[in-house]
Amino acid sequence: MSKPIVYVVSDSVGETAELVVKAALSQFNDQDEYDLRRVPYVEDVGIVKETIELAKQNQAIIGFTIVDPTIRNYLLTEAEKRRIECIDIMGPMIDAMERSFKQKPKLEAGLVHKLDEDYFKKVEAIEFAVRYDDGRDARGISKADIILIGISRTSKTPLSQYLAHKRLKVANVPIVPEVDPPAELFRVNPNKCVGLRISPEKLNDIRKERLKALGLGEAASYANMDRIHEELDYFDQIVGRIGCQVIDVSNKAVEETANVILNIRNRMYR
């Protein structure tokens, strides 16, 4: 026995209609028992006419999202003539909103999928944070809106990602006593730099937990207090040379630290 067929017709990509149809199908055994056929980018009644004929031949039903009143009404009228089950997924909601809001709809296809400038800025910032994470490319320092500076386990990476979702390009630079920081760090505007300081005790706890997660012993130099003090002293030297703001992240969640950074930045650019 052939699978029941559902045609998903749309004047855009058809994702909205397909999601609704799949949600409804989930109430009828396994979705794999049904044949879902998407008909996207419908711009004229010609494609609608062909789909109706196919639906009639295959004893199928139609679910659709079409905003053009002419095409929409044609589909409903012709489907009714041929006794085909045809469901207008979005039309009744648009009509109700028009009545309630006393405002004419735009009647433009695919508006929900149109990507605006704000979206692209966010994507660009997230990609930037990944590319210039952990000092892997010093060229990001001069391009960044914010440069985070700190020793290991001071939340540089999650902070970078959090701020990227606020459309800010963030580079972060790890501070290690055996490695000279990139020269670019001392050339950039110090107002763009933020040092992340942490108490030795808090860092010791965090690093011990990290070693446990990696299956390593707590005695490793990574969690040694002498080593931690050495790293923090070196960090203080570097941020002192730069002359940048320093935030104590010892007892702050990423969101709290991010808000402090955003407030600093807002004051700076008033």
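In the next few minutes I will go through the overall dimensions of this protein, then its two sheets, and then the helices that pack on them and on one another.

Please keep in mind throughout that what we have in front of us is a predicted model. In that model the protein holds ten helices and eight strands. Before going to any of them individually, I would like to look at the overall dimensions, where the radius of gyration is 29 Å, whereas a compact globule of 270 residues would have one near 18 Å. Taken along the principal axes, the box that the C-alpha atoms fill is roughly 85 × 50 × 35 Å.

Let me turn to the sheet that contains strand β1. This is an open sheet of four strands, and if you read across it the order is β2-β1-β3-β4, with parallel pairing. At its edges are β2, residues 35-39, and β4, residues 86-88, each of which pairs on one side only. Ignoring direction, neighbouring strands in this sheet are turned against each other by 20° on average. Within the sheet, β1, which covers residues 5-10, runs parallel to β3, residues 61-65, and five bridges join the two. If you want a place to look on the structure, find Ser 10, which stands opposite Thr 65 in β3. Helix α3, residues 69-81, packs on this sheet and touches β3 and β4, and the direction of α3 makes about 150° with that of β4.

Helix α3 also has a helical partner, namely α2, residues 45-57, and these two pack with their axes 10 Å apart at an angle of about 25°. An angle under 35 degrees counts as roughly parallel, and α2 is therefore roughly parallel to α3. Their crossing is right-handed. As for the residues involved, Val 45, Val 48, Lys 49 and Ile 52 on the α2 side meet Ile 71, Tyr 74, Leu 75, Glu 78 and Ala 79 on the α3 side. Sorted by class, the residues of this contact are seven nonpolar and two charged, with no polar ones.

Now to the other sheet, which is again open and built from four strands, here in the order β6-β5-β7-β8 and with parallel pairing. Its edge strands are β6, residues 170-174, and β8, residues 245-248, and each pairs on one side only. The average turn between neighbouring strands is 25° here, with direction ignored. Strand β5, residues 146-150, pairs with β6 in the parallel sense over five bridges, and in β6 the bridge partner of Ile 146 is Val 170. Two helices deserve mention alongside these strands. Helix α7, residues 156-164, lies across β5, β6 and β7, the last of these being residues 193-197, and α7 runs at about 175° to β6. Helix α10, residues 254-268, packs on the sheet in contact with β5, β7 and β8, and its direction makes about 155° with that of β8.

I will finish with one more helix pair, α8, residues 200-213, and α9, residues 225-242, whose axes come within 10 Å and cross at roughly 120°. The two helices are therefore oblique to each other, and the crossing is right-handed. Here Pro 200, Glu 201, Leu 203, Asn 204 and Arg 207 in α8 meet Met 225, Ile 228, His 229, Glu 231 and Leu 232 in α9. By class, the contact of α8 with α9 has five nonpolar, two polar and three charged residues.

Key
Residues numbered from 1 in each chain as written. Predicted model: local features only at pLDDT ≥ 70, side-chain atom pairs only at ≥ 80, totals over all residues. Heavy atoms only, no water. Axes fitted to C-alpha atoms, helices over the stretch in contact; angles between N-to-C directions. Parallel < 35°, antiparallel > 145°, perpendicular 65-115°, else oblique. Left-handed = near helix turned anticlockwise from the far one by under 90°. Contact = heavy atoms within 4.5 Å. Nonpolar A, V, L, I, M, F, W, Y, C, P; charged D, E, K, R; others polar. Pairing = 2+ DSSP bridges. Rg over C-alpha atoms; globule rule 2.2 N^0.38 Å.
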